[in-house]
2 protein chains.
Amino acid sequence: MKTICLEPIGFVRNVRLTPEDDNWGSIVSIIELAPHIEPEALLGLDTFSHAEIIFYFDQVKEDKIVTGARHPRNNPDWLKIGIFAQRGKNRPNRLGLATVKVIKLEGRELHIGNLDAINGTPVLDIKPVMQEFEPTGHIRQPDWSHQLMKNYW
Amino acid sequence: MKTICLEPIGFVRNVRLTPEDDNWGSIVSIIELAPHIEPEALLGLDTFSHAEIIFYFDQVKEDKIVTGARHPRNNPDWLKIGIFAQRGKNRPNRLGLATVKVIKLEGRELHIGNLDAINGTPVLDIKPVMQEFEPTGHIRQPDWSHQLMKNYW
């Protein structure tokens, strides 16, 4: 199995210093580019309303990672389901993914809303949201996922 | 800068053997889980209509990677913009991201539509699409991005 090694292209700055499950909606974050990335890499991103951020849950310890099924949020009221049918952080490769609102660009800083990552989180990629890449047709999802998301934003 | 090393959680199988820009819509792909992932990791994913796939553009050579701005698809008719305001493959960390249709689960195999990755591509993560993580409000994007996407699917 060939290992894939990546360098953070930036880091998150915001007021949330420790992992929490809920109430992410009001937090404004800044992604500051890493030194090896030119500020021009962000040029034009503010002509898009939204972006997708791929980040790394660097606080998750190896022994917490689930490679099979578990109760969502370890809540036994919900049936066990696969880690790839959940979005929780204790997952193989520890990748996070958020669709954020682009607020503004300032040099090497991208200001965004709706990023559910804590201060210091390494960022691996930033992509513009295009309508053509959005889900086609009706989005179907199970009830537990709506319950889980109740207080998320 | 701390390097982040990841292991593929699966690999893509489909009929597209070399990178191409357009006409991805008709391709059905299978993601086959890597040996260190239990098949239970996919349990329940078929209760969702869509999933997000994070993958690795392993065919992209180091010297093709853009860390600043370029013309989208290197087409001089479009203004230079930042690599993070584009979704092309020649990007730092070579990460791809697709929103796919879940067709069916078969043991260690996930069958999907609308994955724009070629045969053999390493997969790094699979996440279920939940309405609560979709973009909020109107999606705004520049004209060039609509033109670029014209024959994509």
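**A walk around the barrel in chain B**

Let's start with a pair of strands in chain B: β2 (residues 10-13) and β9 (residues 122-128) run antiparallel and are joined by 2 bridges. Keep in mind as you look around that this is a predicted model. To see one of these links up close, find G10(B), whose bridge partner in β9(B) is V123(B).

Now turn to another strand that pairs with β9(B). Strand β4 (residues 50-56) of chain B also runs antiparallel to β9(B), and here 5 bridges do the joining. Over on this side, A51(B) has P128(B) of β9(B) as its bridge partner.

Step back and these pairings fall into place. They belong to a closed barrel of 6 strands in chain B, which goes round in the order β2-β3-β8-β7-β4-β9 with antiparallel pairing. On average, neighbouring strands in this sheet are turned by 45 degrees against each other, if you ignore direction. What holds such strands side by side? Strands of a sheet pair through backbone hydrogen bonds.

Is β9(B) largely enclosed or open? Since 7 of its 7 residues are buried, β9(B) is largely enclosed by the rest of the structure.

For a contrast, hop over to R73(B), which sits in the loop between β5 (69-70) and β6 (81-82) of chain B. R73(B) counts as exposed, because it has 12 C-beta neighbours inside 10 Å, and 12 or fewer is the cut-off for that label. Even so, R73(B) has company from further along the chain: leaving aside residues up to four places away in sequence, it touches D21(B), G88(B) and L148(B). K89(B), 16 residues away from R73(B) in sequence, is 9.7 Å from it in space, C-alpha to C-alpha.

Definitions and conventions
Residues numbered from 1 in each chain as written. Chains lettered and ligands numbered in written order. Predicted model: local features only at pLDDT ≥ 70, side-chain atom pairs only at ≥ 80, totals over all residues. Pairing = 2+ DSSP bridges. Helix = DSSP H or I, 4+ residues; strand = E, 2+ residues; numbered from the N terminus. Axes fitted to C-alpha atoms, helices over the stretch in contact; angles between N-to-C directions. Buried ≥ 20, exposed ≤ 12 C-beta atoms within 10 Å, placed from the backbone. Contact = placed C-beta atoms within 7 Å.
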